[in-house]
Amino acid sequence: MPSIASLTAALAFAGAVVANPIELQKRKAFSIHQEERTTFAKNGAQSRVNTLRKFSKPVPANILAAAAAGPTGTAPAVPGDAYDSLYLSPVTIGNTTLQLDFDTGSADLWAFSSLQPSSQLTGHDYYKVDPAKKVAGATWKISYGDGSGAAGTVYADKVVVGGVTATSQAVEAATSVSSSFASDRDTDGLLGLAFSSINTVQPNQAKTWFDTVHSTLAAPVFSVALKYHAAGTYDFGFIDSAKYTGALTYVNVNTANGFWEFTSTGYAVGTGTVVKTSIDAIGDTGTTLLYLPTAVVRAYYAKVTGSSNSATYGGYVFPCTATLPSFTAVIGGVNQVVPGKYINYAPVTDGSSTCFGGIQDNTGIGFSIFGDIFLKSKYVVHELSSTPRLGFAQQ
Ligand SMILES: CNCc1ccc(Oc2cccnc2)o1
């Protein structure tokens, strides 16, 4: 049995993280967790298997099973402002870590880059392009539902999200961005998590990061836990049962339009009865609000005293002191409830006593959008199986 000192020295040499030797001597039994330097997607369980084998120790079946399962990872989702207008997550592209908006409503991974005018880069982390990694002849150009957009060229580089590595991922480097992106110093780009069929790279469409890595993950899933005025998470390759209450219930997804598109079969306002109606909707972490059919939105604000559909503010507003009813959408036959408090998005301008509704009309969009206002009360599993589906549970 090697001495504690020699074991500590050996592990320190191997670059392992060990407790203080004195601390080790105080303990009767201790476990050593060794992080290995790998170039492929990280897999903590595999590191433990390697360590136990290194010291000729038996490997418990559950650790072997987890190691064989493949990597998993978790990235934080941090509100970009006081009203959860968007959420930002750290992504390492090449050697730089940027804050990207993970967007289940689009399929381009793009970043502010060294190709832009330096005046657009103030306050940003940005991707420093390496001409050796350029994808010859490839360009991209994207427009979002809020009228913003960006365009540029394409590089193949290492992209790490939550410890999971894609060694050669299409990284769309911006050469130009719209004014709303240029003035948003917090968002360094987007990471699309919709289906690669709507990626905008030409002439050869690129894959999303999740599409690149999903076959190596422990399971072909990612799970989203956005939170109300707090940091949440994106889990990749696994479902974290500690992050929700009750059961996960599922609905099939129609991927024809490249979205996580599903049908809600009814709704209720507050304690009212469920109105059966078919609502064609997409889940979209990149959209702030909950956009619904005109009749549904009218029924909701009919229960909000002092509310009106304001031409001035471009949507339904109400007194910030209003007590808002909850909103229920029936998904997969299960009532998914959004607390009324979550439907007060923000004052129309800082300090105003008039507030802008989290529920708005979907006129002009062509479908409903279950954006952050809806998502932040749920744990949402996105399963890329042979028949893709969405799982919902209450946080
Ligand atoms: C606020 N405009 C800039 C901006 C930040 C994130 C995005 O992207 C969006 C916008 C709407 C829908 N989906 C993604 O645009």
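In the predicted model, a polar side-chain atom of Ser180 lies 3.3 Å from a nitrogen atom of the ligand. Two further residues approach the ligand through polar atoms of their side chains: an N or O atom in the side chain of Asp146 is 2.7 Å from a nitrogen atom of the ligand, and an N or O atom in the side chain of Ser148 is 3.1 Å from an oxygen atom of the ligand. Of the 380 Å² that the ligand exposes when it is taken alone, the protein buries 81%.

The space that the ligand takes is the largest pocket. Around the ligand stand Leu86, Asp101, Asp103, Tyr144, Asp146, Ser148, Ser180, Phe181, Leu190, Gly286 and Thr287. When these residues of the shell are sorted by class, four are nonpolar, four are polar and three are charged. With regard to secondary structure, at least two residues of the shell are supplied by β3, which spans 96-103, and at least two by α5, which spans 179-182.

Attention may next be given to two charged residues that are not listed in the description of the ligand shell, Lys376 and Glu383. Lys376 is placed in the loop between α8 (372-375) and β23 (378-383). Because its relative accessibility is 4%, and the limit for a buried residue is under 20%, Lys376 counts as buried. The side chain of Lys376 is joined to the side chain of Asp84 by a polar contact of 2.8 Å.

Glu383, in turn, belongs to strand β23. This residue has a relative accessibility of 13% and therefore also counts as buried. The side chain of Glu383 takes part in a polar contact of 2.8 Å with the side chain of Ser385, and a polar contact, likewise given as 2.8 Å, links the side chain of Glu383 with that of Arg389.

Ala256 offers a contrast in its exposure, since a relative accessibility of 67% lies over the 50% limit, so that Ala256 counts as exposed. Ala256 is found in a loop, namely the one between β11 (245-252) and β12 (261-269). Its position relative to Pro117 can be described both along the chain and in space: the two residues are 139 residues apart in sequence, and their C-alpha atoms are 37 Å apart.

Notes:
Residues numbered from 1 in each chain as written. Predicted model: local features only at pLDDT ≥ 70, side-chain atom pairs only at ≥ 80, totals over all residues. Heavy atoms only, no water. Near = heavy atom within 4 Å. Polar contact = N/O pair within 3.5 Å; in protein donor to acceptor, adjacent residues only side chain to side chain. Areas by Shrake-Rupley, 256 points an atom, 1.4 Å probe, with all protein chains shown as cover. 1 Å grid on protein atoms, 1.4 Å probe; cavity = no way out; pocket = protein on both sides within 12 Å on 5 of 7 lines; lining within 4 Å. Sits in = over half its atoms within 2 Å of the grid points. Helix = DSSP H or I, 4+ residues; strand = E, 2+ residues; numbered from the N terminus. Buried < 20%, exposed > 50% of the residue type's maximum accessible area, 1.4 Å probe, protein only.
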